[in-house]
Amino acid sequence: MLSGTVALAMFLLQTLVYVPSVFSRHQDSLEHRFDLERNLLSSTFRSSDHLALDVSDAVIGDTLVGLVLTSAQGKLLLRKGDTFGYEPGALLPTTIGAITPITVELTTRTGVMNGTGFVNTSNELYASVWHGLLYFAIALFLSAAAGVVAIWGTARYYLAPMEALLCALRNSRESSDAQAPEPIDLKSCEDLSLIADEFNSLIDEQRKSSRQVKVKQQYLEFAAHHDPLTHLPNRLMFENALKKTVKDSIADNLHFAVFLVDLDNFKFFNDQYGHLVGDKMVAEVGNRLRTMMRDIDLVARLDGDEFVVIQKEARDKDSAEEVARRIMNVAAAPYEYRGFTLKAAVSVGISSFPADVHINQAEDMLGEEIVNNAAVALQEAKSNGKNQYQLFNEKMRSRLTARIRLEQDLKIGMQDGQFEVYYQPKINIHTRKCTGSEALVRWRHPVNGFVSPEAFVPLAEETGLIIELGAWILQTACDMTYELQQKGYDGLNVAVNISAVQFTDGNLLPMVSKALEESKLRPESLELEITESAVMHDPEEVISSLHELSKYGMKLAIDDFGTGYSSLAYLKRFPVNTLKIDRAFITDISSDNDDVAIVEAVLGLGKHFNMKVVAEGVEDEEQLNFLKSQGCDIAQGYYISKPLSPEQYLSWLERWPYGVQSAGAPSESMLPVLTYKTGT
Ligand code: C2E
Ligand code: MG
Ligand code: MG
């Protein structure tokens with residue numbers, strides 16, 4: 001196309017130049033011919049007189065085809081050859097075919113004559129036509145050459161980049177999984193329009209795909225900085241925002257507060273209602289927090305159930321506390337989801353800037369410190385029983401450090417076998433025979449010595465280590481009790497404390513059956529104790545687990561009864577065999593009438609629901625006698641024995657004057673199991 005245009009342009013250009021040139025050349029050759037003829041006539045007649053007309057015969061021929069001579073007065077002197085009827089004095093015709101008349105003044109020896117010659121200019125015409133044709137051929141040749149040059153130039157300067165562009169476009173399309181067309185062979189391509197079509201279509205696609213790429217980029221940008229579930233900013237965006245907030249606050253001398261918000265018992269929600277409900281709850285909490293805070297504040301999701309809030313321009317601790325209370329309230333409002341009405345609680349740790357940081361450090365470190373402080377405060381809120389907020393203070397940090405160290409030691413202790421199981425004997429109050437024992441874990445720390453289970457069991461629960469530790473305790477207690485039974489104390493049973501975490505873990509039943517199987521202990525010789533507070537935390541879940549366990553014949557006890565605000569409606573649905581009165585009520589039984597009333601009430605409940613009642617923390621004869629008079633079944637406490645190592649327990653059994661309950665006798669484990677009605 002381009003080359004055609006170039007060739008045509010070239011041709012027109014040459015025509016413009018050549019046509020006038022051929023024309024003027026033709027004119028020149030005519031003039032030349034006329035001059036020649038005039039000269040010939042002049043020289044012919046110069047040496048003759050003007051009547052020597054015979055001379056004229058010599059000049060008439062193919063070129064000068066006719067001649068008319070007149071005297072100076074206009075008198076016709078001669079007419080020779082073909083003169084086309086020309087009369088002297090008449091207007092001279094311009095051309096007659098290829099014959100052109102010319103005038104000439106002839107000087108003879110006798111005077112002057114005027115001549116009119118008729119010159120045949122065919123030769124000149126032919127010569128000019130040939131010249132024209134030659135020029136036309138040259139023009140054609142040059143135009144064609146220009147066309148070729150144009151093709152070459154186009155290929156060099158236009159096609160090559162276009163080919164590269166096509167290549168790039170194809171590659172990009174191939175990489176975006178589009179169907180690439182067959183490549184066009186540019187060399188065999190006669191018409192560039194084909195390429196242009198493809199080029200345009202590729203450009204079109206490229207535009208579309210670049211729009212998609214742009215949208216995709218925007219999406220990726222958003223995804224990199226936002227959490228997919230709540231659409232809140234994620235940790236990365238929070239960290240950037242925190243850096244900026246620290247910078248601005250330093251520059252403008254502003255205060256701000258960071259709140260770490262963590263859902264309480266979120267694992268329980270997930271396990272109980274499934275992850276969909278758990279996710280829904282997280283999304284809802286996130287949304288409520290976002291709606292509650294101002295636009296200048298930031299709400300981000302850091303992890304599963306953990307949010308962070310930056311309250312900008314926080315005036316003082318009072319205003320931070322006010323925000324914390326509002327956070328707790330919005331989180332606690334009920335959630336409706338697919339027929340469930342759920343209630344969540346959150347713990348909140350708060351750290352304020354600049355009050356809670358060491359200001360003389362790098363800005364990055366300041367951000368890190370304030371978040372760490374909020375985390376310390378959050379830990380404090382969690383270990384103080386959750387569902388509360390805590391403002392950071394320095395003392396918390398040392399408590400947390402101690403906790404962290406304890407946690408590490410706990411892990412090492414488990415690896416190094418620093419734990420032991422002790423056994424605290426229990427007796428039948430009426431016969432005083434030993435009925436069995438409660439297994440109590442002991443930790444002999446290599447540096448700190450004895451560590452109370454009350455100090456490390458809650459931490460082991462929080463960190464999940466209790467699962468492994470609890471399994472080991474259960475196995476050890478079952479092995480030991482079976483060994484004692486083999487030694488002749490066949491009526492002995494053992495009670496093992498089970499933490500709430502083990503109950504909700506979903507692995508309790510396999511763990512218990514494995515312990516029984518490996519130890520060969522009969523299920524009825526094992527009692528599982530779960531604290532009242534753990535039971536009441538999620539009664540429905542516990543009820544179904546207890547039902548499962550009771551099917552296998554092992555016994556179930558509610559520990560520390562009286563401290564966990566049991567609902568009586570639930571109590572009658574629990575398939576438990578034993579209530580253990582908390583030792584707090586036994587301690588002052590001889591002096592505190594309220595405690596007496598509580599113990600009597602628990603014993604009444606036990607009787608009503610056909611459960612045994614175990615009194616723990618019996619420290620003297622008076623307490624034992626009182627419990628006996630009230631019809632309590634079993635006693636446990638320092639008055640009978642402190643918790644004992646396995647060796648001590650064996651020797652205690654050998655020395656216990658009232659003996660050990662035998663397997664045949666109606667032991668505590670043979671007492672009737674509660675019959676319960678479901679759905680009441
Ligand atoms: P608990 O299950 O109520 O255990 C009874 C606690 O009362 C034991 O404390 C025991 O030593 C103590 N005790 C028994 N009689 C008396 C007495 O007459 N006077 C006084 N002052 N205390 C008495 P210990 O062994 O320190 O255990 C404390 C708590 O730690 C246990 O309370 C139980 O909740 C938990 N725990 C202990 N061992 C384990 C275990 O193996 N697993 C789990 N999950 N928790 C355990
Ligand atoms: Mg117990
Ligand atoms: Mg107890």
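Which residue is the bridge partner of Leu-298 in β7? That would be Ile-310. Keep in mind that this is a predicted model. Below is a quick tour of two magnesium ions that share a donor, a hairpin, a four-stranded sheet and a nonpolar patch on the surface.

**Magnesium ion (ligand 2)**

- Glu-438 (OE), Asn-497 (OD1), Glu-529 (OE) and Asp-559 (OD) are the protein donors here, and they sit 2.0 to 2.2 Å from the ion.
- Along the sequence, these donor residues follow the spacing E-x58-N-x31-E-x29-D.
- Take Glu-438 and Asn-497: the pair ties together distant parts of the chain, with Glu-438 in strand β13 (residues 434-445) and Asn-497 in strand β15 (residues 493-497), 59 residues apart.
- Their exposure is worth a look: Glu-438 has a relative accessible area of 4% and is buried, whereas Asn-497 has 29% and is partly exposed.
- The cut-off for buried is under 20% relative accessible area, so Glu-438 at 4% falls into that class.

**Magnesium ion (ligand 3)**

- For this ion the protein donors are Asp-559 (OD), Asp-560 (OD) and Glu-616, the last of which is listed with OE twice; they lie 2.1 to 2.6 Å from the ion.
- The sequence spacing of the donor residues reads D-D-x55-E.
- Again, distant parts of the chain get linked: Asp-559 belongs to strand β17 (residues 555-561) and Glu-616 to strand β19 (residues 612-616), 57 residues apart.
- Both of these count as buried, Asp-559 at 5% relative accessibility and Glu-616 at 10%.

**What ties the two ions together**

- Asp-559 is the bridge between the magnesium ion (ligand 2) and the magnesium ion (ligand 3).
- The two ions lie 3.9 Å apart.

**The β6/β7 hairpin**

- Strand β6 (residues 298-303) and strand β7 (residues 306-312) pair in the antiparallel sense, over 5 bridges.
- There are 2 residues between β6 and β7, and the two strands form a hairpin.
- Within this pairing, Leu-298 has Ile-310 of β7 as its bridge partner.
- Why is β6 described as largely enclosed by the rest of the structure? Because 5 of its 6 residues are buried.
- As a general reminder, strands of a sheet pair through backbone hydrogen bonds, in either a parallel or an antiparallel way.

**The four-stranded sheet**

- This one is an open sheet of 4 strands in the order β2-β1-β4-β3, and the pairing is antiparallel.
- β2 (76-81) and β3 (99-107) are at the edges; each has a single partner strand, so one side of each has no neighbour in the sheet.
- On average, neighbouring strands of this sheet are turned by 15° against each other, ignoring direction.
- Strand β1 (residues 64-71) runs antiparallel to β2, and 5 bridges join them.
- One spot to click on is Gly-66, which stands opposite Gly-81 in β2.
- In general, the side chains of a regular strand alternate between the two faces of the sheet.

**A nonpolar patch on the surface**

- Leu-125, Tyr-126, Val-129, Trp-130 and Leu-133 make a nonpolar surface patch of about 570 Å².
- Trp-130, one of these residues, is found in helix α3 (residues 122-175).
- With a relative accessible area of 62%, Trp-130 is exposed, because the cut-off for that class is over 50%.

Definitions and conventions. Residues are numbered from 1 along each chain as its sequence is written. Chains are lettered from A and ligands numbered from 1 in the order in which they are written. This is a predicted model: local features need pLDDT of at least 70, side-chain atom pairs count only at pLDDT 80 or more; totals for chains, interfaces and linings use all residues. Side-chain values use heavy atoms; hydrogens and water are left out. Donors are N, O and S atoms within 2.8 Å of the metal (3.2 Å for Na, K and Ca); water is not among the atoms, so sites may look incomplete. Buried means under 20% relative accessible area, exposed over 50%, partly exposed in between (1.4 Å probe, protein chains only). Patches are made of residues with over 30% relative accessible area and no salt bridge: like charges are joined within 9 Å, nonpolar side chains (Val, Leu, Ile, Met, Phe, Trp, Tyr) within 5 Å. Accessible areas come from the Shrake-Rupley method with a 1.4 Å probe; for residues, only the protein chains shown count as cover. A salt bridge is a side-chain nitrogen of Lys or Arg within 4 Å of a carboxyl oxygen of Asp or Glu. Two strands pair if DSSP finds at least two bridges between them. Axes are lines fitted to C-alpha atoms, for helices over the stretch in contact, and angles run from 0 to 180 degrees between N-to-C directions.
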